[in-house]
Amino acid sequence: MPLSSYLGNTRRGGGWAQSLLPSSSGTVKSTPKGAHATRKSRKRAALINFLFTNFFTIALSLSLLFFLLTLLLFGIPKPISSHFRPRSTTRKPSIRKPVNRKLPNLNPNHDGALVDITTKELYDKIEFLDKDGGAWTQGWKVTYKGDEWDSEKLKVFVVPHSHNDPGWKFTVEEYYERQTKHILNTIVDTLSKDSRRKFIWEEMSYLERWWRDASEDKKESFTNLVKNGQLEIVGGGWVMNDEANSHYFAIIEQITEGNMWLNETIGFVPKNSWAIDPFGYSPTMAYLLRRMGFENMLIQRTHYELKKELAWNKNLEFIWRQSWDAEETTDIFVHMMPFYSYDIPHTCGPEPAICCQFDFARTHGFFYELCPWGTSPVETTQENVQERALKLLDQYRKKSTLYRSNTVLVPLGDDFRYVSIDEAEAQFRNYQMIFDYINSNPSLNAEAKFGTLDDYFQTLREEAERINYSLPREIGSGQVGGFPSLSGDFFTYADRQQDYWSGYYVSRPFFKAVDRVLEQTLRASEMLMAFLLGYCQRAQCEKLPTGYAYKLTAARRNLALFQHHDGVTGTAKDHVVLDYGTRMHTSLQDLQIFMSKAIEVLLGIRQEKSDQTPAQFDPEQVRSKYDALPLHRSISAREGTAQSVVLFNPLEQTREEVVMVVVNRPDVTVLDSNWTCVQSQISPELQHDKKKIFTGRHRIHWKASVPAMGLQTYYIANGFVGCEKAKPVKLKFFSELSSIQCPTPYACSNIEGDAVEIKNQHQTLTFDVKHGLLQKVIQTNGLQSVVAEEIGLYSSAGGAYLFLPDGDAQPIIQSGGHLVISEGPLMQEVYSYPKTSWEKTPISHSTRIYSGGNTIQEFLIEKEYHVDLLGKDFNDRELIVRYKTDTDNKRIFYSDLNGFQMSRRETYDKIPLQGNYYPMPSLAFMQGSNGQRFSVHSRQSLGAASLKEGWLEIMLDRRLVRDDGRGLGQGVMDNRVMNVVFHLLIESNISSTSNPVSNPLPLSPSLLSHCIGAHLNYPLHAFIAKKPQEISVQTHTRSFAPLAASLPCDLHIVNFKVPRPSKYSQQQLGEPRFVLMLHRRNWDSSYCRKARSQCTSVADEPVNLFNMFKGLAVLNAKATSLNILHEDTEMLGYNEHFGDVAQDGHVTIPPMEIQAYKLELRPHQ
C-alpha cells in the first residue's frame, strides 16, 4: 500500500530487505535435469518425432498450401521478420470455442473439472520448510546455459505501472490531492513525448475523479493514448477488490461500475485483469472475469512456497478452471508473478539487490527509500550502457527460465510512483537507452521494449500458437495451448516465514457487517427502482426514481470503493476507516429514504410523484451514526389506533417467516392487510447490561407471508375488538450475579437443575445452565448431536493483516451469570449474560428457535452474539466461538468463496494454526462419515477453522496493539460494539453421500442450506408508518406482487436493475434499459430435495422471461456479459443456448452459472 517507498520500507514488506541479501551459508538447490531440461532439447526431440510420423501428410499439405497462396496473392507472402509485431488495436479476441474433449476420467466417482494441478495437491505435496535459497531467499540459485534463446529469441516487455490504493494510510481524496492527480498528469505528459513509452492503469475511482478536474486537452490526450495502445486500462474496476471478504454481488457491482464508466467516457473495454495487491486469490474472480469478456489475468500475492513449487515446474502460467467445470467453459489464462513483491527490486529477476539498481527513482533526487542492499542505481551513459544492459538482461533471462515461453513480463512500478515528470523521465530515459543497446546487438538473442499487459499476453499467445509448450499427457485447455490447467483457490497467503495473512478475514468486523447491509439494501433499492420505472407509463412517475438516480449511483460507488483490498479487509488507518464508514452510512440513509417513498408509490398510497415530499414511512431499523449499532424504532400504539408495518421481500420466492418489531406496550394485536387477526406473541426486549437486562420495551412476533419481490402490509393495533392480544411469553431466570426483576405482564419462575431445554416441532436444544452454553441438539427423528458451544480468547502478537496466536484459545466463560429463557408459541429464546473474569464481559448471546408452520426458520438455530471487545483488558486478544461437535470430519470442512461457491479446507499439521484459518464470507460446514452435516451461516465475512476433529471455530473480533510490519503503521484498536448473527443447521442426508476424506472436490450446500443463507443475507425490509391511523377508519392497503409466480428454489436473482437511471428517459425507445441477472445455485441432492416444505420447484425446466412479471411485458431480451458490455456470448464461454433468449424468452441455466439479460419492460395496456 501506498507511501511505503517514502516511509522507508517495501510496502507490506516490513523491512525484510536484509534477509534478502545473498546468503553465504545454506545449501543452494541444484537444478535437477528432469525439471529444467532446456526448451531447446525438448522441442528438438518432439519436432523430429512429429516429422517422421507425419512426413507424407506434411509434404502434401505444404505443396497444396504453397500453390494456393501463390495463385491467390501473386507472390510469396512476406516472411515474419519479428515475432514482436506492432499491436493491432482493433483485434477481435481469438478465443477458441470451448472444446468438449473426451478426456480420460481420472476420478470416476466425482463430477467436476479434470485438471493438471489442484491447489489441494500442491498443499499435500509441499513440505513448507522455508529453505533459504540465497539471493532469491524464497527460491533457489537460478542458472541458465545460454543457448535457450537460440531458436526463439527472448522478448521482454517492461510494463510501467503505479499502484494507487483508493484509501489506506490516507483517504481516497487525500491520496488524490497529494499524489494520484499528479501521477495521471505525469502519465499523459511523458507518454505523449515518445510513442515507444507505455503505461497501465487500474483503478477507475481515481480516473473518474481526475476526469472531473482535467482540462479538455488532457482528456483528449488521455483518450488518444488509450486508443493508440500506449496506455492500457487493466481490470478497469472501480477498485482492485479484495478476494477473501468481498461478496460476489459487490465484486460484480464494482467491476461493472468501473467498466461502464470507462466505456461511456473513453470507449474502451478492458480484457486483461491486473491484481497485484489482494492478499490471496479466489476462483470466483476468475469465473466472473471470464463471464465479463476478460481473456487474461495477472496475480501476485500467493503463498511463497506455492510460488516456488509452481516456478520449479514452469507452471506459473496456467489456465484457471472452476472446480465444477467439466466442459472447459470457464477457462481463463493466468500469469502469476514469481517473487516476493510487485516493487521493482522483486520484478526484474530473482536477485533484488541487482533489480534495485534499475529503479532509477531510488536516488537522492527523489523521495523514495534508497536500495537497502547497498548499491544504488546509477545514470545510464554511453560508457556504462553495455555493463548495465548485460547485468539487467541476465536477470531477465533468469526470470524467463521460470516460465515456459520466451516472452517475459517485467512490471516497472510500485505504490504511488511516477508522481513527477522528473521521476518518470528518469525511468523512461534510462530504460530506453538499455533497450536500444540490447536491441542493436542481435547476438544477445533478445528484444526489450516498454509494453502494456496486452502487448505481453498477445505476444505470448502468438508464441504459444507457433511453438507447442505442452508437456506429455498434459490436459491443458482448448483455450490456449501449451499451459497446464489448474483449479482451486490461493488462500491462506503467507509472504514469509510463518506470517499468514488470516487476520484480515476478521479485522474491523463491524464494517464488514455494514458492507453487507449496504449491499442488500442497494440490491433491494435497485429492484424497487426497476419496478417504479417498469410500471410507469407517464413522465410524471419517472420523477421520483430519476430524482434519486444520483444517490443510487453514489451508493453503488460507495459500496464499490469499500471492496478495495484495504477497505473490506479492515487494513486501513483509523481515519480512513471512518471515511469508508461515513460514505456507507450516508448511502444507507439515502437508500432507505428512497425505499420508504418507493413503497408508497408501488402500494398506490403516494399520488403526487415528487421526490421532494417527505415519506410517510420510516425504516424499522435506524442507525444514529456511521459506527453505531442499528436500533429498532418502537411502535407506540395508542388506544383505538393502529400503525401499519410494510414488509418488502427482496427474494424471488414467496416468504413465510416469523417477523419481529418493537412496541412500547404489550397489550397489542397484529392484523393482516384485510384487518384479519394474526396470532402473535409478546416478549420483553433484552440488552447487554447485567444490571438492567430488560429495556422496558417489548418485542412482538408474528408469522408474515410476503410475495416474491413484493410488499405486504400488517397492522399493530391497540383496542381492536374481536382479536386476542399478543400472547405473553413465560420467563424463566437463573442468576448468581444478582436477582432479576420480573417485568409486567409476564409470568416468571426460576430455573431448577443444571440443564434446561427449549424445543419446537423439529428439534430440542439442551443448555448448561451455569455457563449458559448450548450442549446438544436432539432432532424429532431421534438423531442426537453434540454441539458443545465454547467462547474463548487467543493471545496474539499479530496486527491488521497477520494472525499470530500465542498457543490455543482459552475458554473465558465461568460458572454463574444471568440466564433468561422466553417460551412462547412462535419464538423461544435462551439469553445468556455470562460470568467472566472481567467486570464487563466482552460477550453476551441469545439462542433462538422458531415455530410457525411451513417456514424454513423451524429447522435452524439462530445464534446472536453481542460483542464488546473494548478496553485495555482485551488488548492483543482475539475472540472466537467454537462448536465442538461429534461429527467425525477428520478436520476437513468447507467454507464459501465470496458467497458464490464452496471450497474444501483441510487442517495440516505441517503449517501453523494461523495458516489453517480460512475466509468465511457466508457459510462453513462439516460433514461426517454418516453424512450428517453441521453448518454455520453468517451474514458477514469472518474467519473459520477446524483445528480438531468435530470442531468448527469462527473468529468474531480482534483487538491488537501493534503494527504487524506490513506498512500500515498501527494496530487495530478501534473496535465497535456489534451483533454477529449465525444460523446453525444440522442435517442428515437421505441418500448415499460423498466421503469428504477421499473426495478432493468441494461439496455443495443442500437446497435447505441455500434457502437459509438467502433468508439471512437478504432479510425482509420493514417500514413503519410515521402516523398511526384510527381503527374506526379501516383503509385497505394493497399488497404488491410483481412476479407471476415464485421462481424455482435454486434460482436466485442476483440483481434486477436499471443500469443508468439518470439517462432512462433519454435512451432510445425499444433499447433494453433493464438488466436481470440470474444465478442457478448448485445443491447437494443427497439432502432433502424440497428444502423441507418450502420449495415448489427447481430450475430443471426452462424459465420464461417473457411472462415472468405480472402486468409487465418483456420486450427485446438480449443475453449480455456480467458487466453488461458484451453481447457476443461465445467470447464469454457460455454454451450456445445462452444467446437464444430473444426468440421465445426461455432461459435454461446450468447449475453454478450466472447469466445476465438486457430487457425492455412495458406495462400491459
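This report describes nonpolar cores, aromatic pairs, backbone exceptions and one helix residue in a predicted model.

**Nonpolar cores**

The largest nonpolar core comprises 278 residues, and the members that touch the most others are Trp201, Leu207, Phe222, Tyr396, Tyr431, Phe982 and Phe1056. Helix H14, spanning residues 509-534, gives the most to this core, namely 13 residues. Separate from it is a second core of 32 residues, which includes Val645, Val661, Val678 and Tyr831.

Tyr431 may serve as an example of the surroundings of one core member. Apart from neighbours within four places in sequence, Tyr431 is in contact with Val158, Ile344, Phe358, Phe360, Leu392, Tyr396, Leu412 and Phe450. Tyr396, one of these partners, is itself listed among the core residues that touch the most other members. Tyr431 also belongs to a cluster linked by ring pairs, together with Phe199, Phe358, Phe360, Tyr418, Phe428, Phe435 and Phe450.

**Aromatic pairs and charges over rings**

A pair of aromatic rings is described by the distance of the centres and the angle of the planes. The count of aromatic pairs in the model comes to 63. For Phe510 and Phe511, the ring centres are 5.1 Å apart and the planes stand at 75°, so this pair is edge-to-face. Both of these residues, Phe510 and Phe511, are buried.

Phe531 and Phe1109 form another edge-to-face pair, because their planes are at 80°, above the 60 degrees required, with centres 6.1 Å apart. Phe531 lies in helix H14, whereas Phe1109 lies in the loop between strand E50 (1103-1104) and strand E51 (1112-1120); the pair therefore ties together parts that are 578 residues apart in sequence. Phe531 and Phe1109 are both buried.

Two arginine residues lie over ring faces. Arg178 is placed over the face of Phe170, at 3.9 Å from the ring centre. Arg1073 is placed over the face of Tyr1064, with a distance of 3.9 Å from the ring centre.

**Backbone exceptions**

The table lists cis peptide bonds and positive phi values, each with its location.

| Site | Backbone value | Location |
|---|---|---|
| Phe491 to Thr492 | cis, omega near 0° | Thr492: loop between strand E11 (485-487) and strand E12 (494-496) |
| Thr744 to Pro745 | cis, omega about 5° | Pro745: loop between strand E26 (730-735) and strand E27 (747-750) |
| Asn445 | positive phi, about 55° | loop between helix H12 (421-439) and strand E10 (446-450) |
| Arg508 | positive phi, near 50° | loop between strand E13 (499-500) and H14 |

Neither Asn445 nor Arg508 is a glycine. Asn445 has a relative accessible area of 22% and is therefore partly exposed. Arg508, by contrast, is buried, because its relative accessible area of 6% falls under the 20% limit.

**Lys391 in helix H11**

Lys391 is located in helix H11, which covers residues 385-400. With a relative accessible area of 29%, Lys391 is partly exposed, because this value falls between the limits of 20% and 50%. Not counting residues up to four places away in sequence, Lys391 touches Ile354, Gln357 and Phe358. Between Lys391 and Gln357 the separation is 34 residues in sequence, and the C-alpha to C-alpha distance is 10.0 Å. Phe358, another residue touched by Lys391, is also in contact with Tyr431 and is part of the ring cluster described above.

Conventions
Residues numbered from 1 in each chain as written. Predicted model: local features only at pLDDT ≥ 70, side-chain atom pairs only at ≥ 80, totals over all residues. Heavy atoms only, no water. Helix = DSSP H or I, 4+ residues; strand = E, 2+ residues; numbered from the N terminus. Buried < 20%, exposed > 50% of the residue type's maximum accessible area, 1.4 Å probe, protein only. Contact = heavy atoms within 4.5 Å. Core = buried A, V, L, I, M, F, W, Y, C linked by side-chain atoms within 4.5 Å. Phe/Tyr/Trp six-rings, centres within 6.5 Å; stacked < 30°, edge-to-face > 60°. Lys NZ or Arg CZ within 6 Å of the ring centre and 35° of its normal.
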